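Please open the model in your viewer and keep the sequence beside it, since the stops below are given by residue number.

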Amino acid sequence: MIRPRPFSRALALLAAASVAAGCDSVTGNGGGGGGGGPRFATPVAMPVLGFGAVPERVTSELTVRGSWAYTGTHRDTTRAPGNAIKVWNVAGAQPVLVDSVIVPLPPPAAALHPGWAHHDEEGATSTDRIGDVQVSDDGALLVAATEGGPGSILLYSLANPAKPALLARFANEDTEPGVHTAKVARVNGRLYAFLSIDPRASTGTPARLVIVDLADPAHPQMVMSRVMGRPYQHDVFVRDGILFTALWHDGVGIWDIGGGGRGGSVANPVLVSRLELASGYVHNLLWLRDPRNGEKRWLLVGEEHPTTEGYRGDVHVVDAADLANPHEVAFFHVEGSGSHNFSVDEDNGILYAAFYYAGVRALDVRGDLSACDAGARAADGRCDLSRMHREAARGLDGTAHANGRQVMIWGVQYVGGVLYASDIWGGLWKLDASAVR
């Protein structure tokens, strides 16, 4: 939901600015939070390892696989269009830009659907926003979501990860308003893309979810399209045949698509339950699996609340042990900023959240997140993860570029002791997260 603002081309790496605030080590149990497990007296620092600048475009989401990272780009009136995918070699400490893949213009609307005329409320004439990029779990495909011109997904072969090769572009009448996010996941061994489609107020076109079969990536096929979300169907999370949908003011949707025992399938999702959060603005989701026992209890929900001062919003913790009866039990709040996208080090129980102006925050999500003493409990009964000393680490907090503009972190991805972060106004950061345990 970003509407970027102008930013100077001058950028500089301030490698230590984000971590000047202390390097306390992990404490033992206790700290007044309840729930057992490690606690952090003070969030530890995540030092900057390297920074790759993108001065000519706005940077959106990122995806990392092995020694390669890919970042999307977004629209801004003072910069080049958001029609490029940046290709980075991240084998060393410093991300190295090796290529910029320019997304081809979409075909004319009439070629996609007879009699279909393209509309764009914001006046775009071609693809100028790549809001989402993701590498498939086998490393074979890069999937990018486009907005602006007729919405679509593009599928690239990563046979040569330095040179993504376009295999196919999927677009139809249902995706035409714009694909805001595209998540790639397997269900019963088969690869699918879950597309969150923008609404269009001028034509009364509602938001919807479209699911595309990627078993043959050169010939993607739509298998499901359904209107949902108010006003947005914004994002999804898929695991073990369960689909979670971020429905904005309609809250969280939980669907059986093959693993919920309700007879659902990818082609016909069956609603298990829906949970509305008092705050609304449900933006993104992540369903944790405890590596010790396989338990899947905690659903982490990101809130993105646009305000006149910028973006605000908490991380919400939902107890989803019973998928039919989910309920919110805890939250994490950062004053003056808001959460965006998540990544998780599941083996160590650490959630990494992009927090826009506040950089990156890492949360200890081990143990019982609903167990806290009175001193850590908010007036509404929820546990406050900050007062439970669950904030494990920070990175890029307060970091500024050469012109004084703060970082604005869109996405994060944790990979083997390293955290990558995409900065809307800057490019790609690489942080040392090896001490966060």
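Select T175 and display what surrounds it: leaving aside neighbours within four places in sequence, T175 is in contact with G151, S152, F170, L195, I197 and V210. The model is a predicted one, and what follows should be read with that in mind. Tracing the backbone on either side shows that T175 belongs to the loop between strand 12 (165-170) and strand 13 (179-187). Is this loop residue buried or exposed? T175 has a relative accessible area of 0% and therefore counts as buried.

Stay with the side chain of T175 and add N172 to the selection, whose backbone nitrogen lies 3.0 Å from a polar atom of that side chain. Then show S225, which is 50 residues away from T175 along the chain, although the C-alpha atoms of the two are separated by 9.4 Å.

Next, move to the open sheet that four strands form in the order 17-18-19-20, with antiparallel pairing. Colour strand 17 (235-239) and strand 20 (270-275), which stand at the edges; each has a single partner strand, so one side of each is left without a neighbour in the sheet. Looking across the sheet, you will find neighbouring strands turned by 20° against each other on average, direction ignored.

For the last stop, select residues 242-246, which are strand 18, together with residues 252-256, which are strand 19; these two strands pair in the antiparallel sense over five bridges. Which residue of strand 19 stands opposite F244? Highlighting F244 and looking across to strand 19 brings you to I254.

Key
Residues are numbered from 1 along each chain as its sequence is written. This is a predicted model: local features need pLDDT of at least 70, side-chain atom pairs count only at pLDDT 80 or more; totals for chains, interfaces and linings use all residues. Side-chain values use heavy atoms; hydrogens and water are left out. Two strands pair if DSSP finds at least two bridges between them. Axes are lines fitted to C-alpha atoms, for helices over the stretch in contact, and angles run from 0 to 180 degrees between N-to-C directions. Buried means under 20% relative accessible area, exposed over 50%, partly exposed in between (1.4 Å probe, protein chains only). Contact means heavy atoms within 4.5 Å. A polar contact is a pair of N or O atoms within 3.5 Å; within protein, one must be able to donate a hydrogen and the other to accept it, and residues adjacent in sequence count only if both atoms are side-chain atoms.
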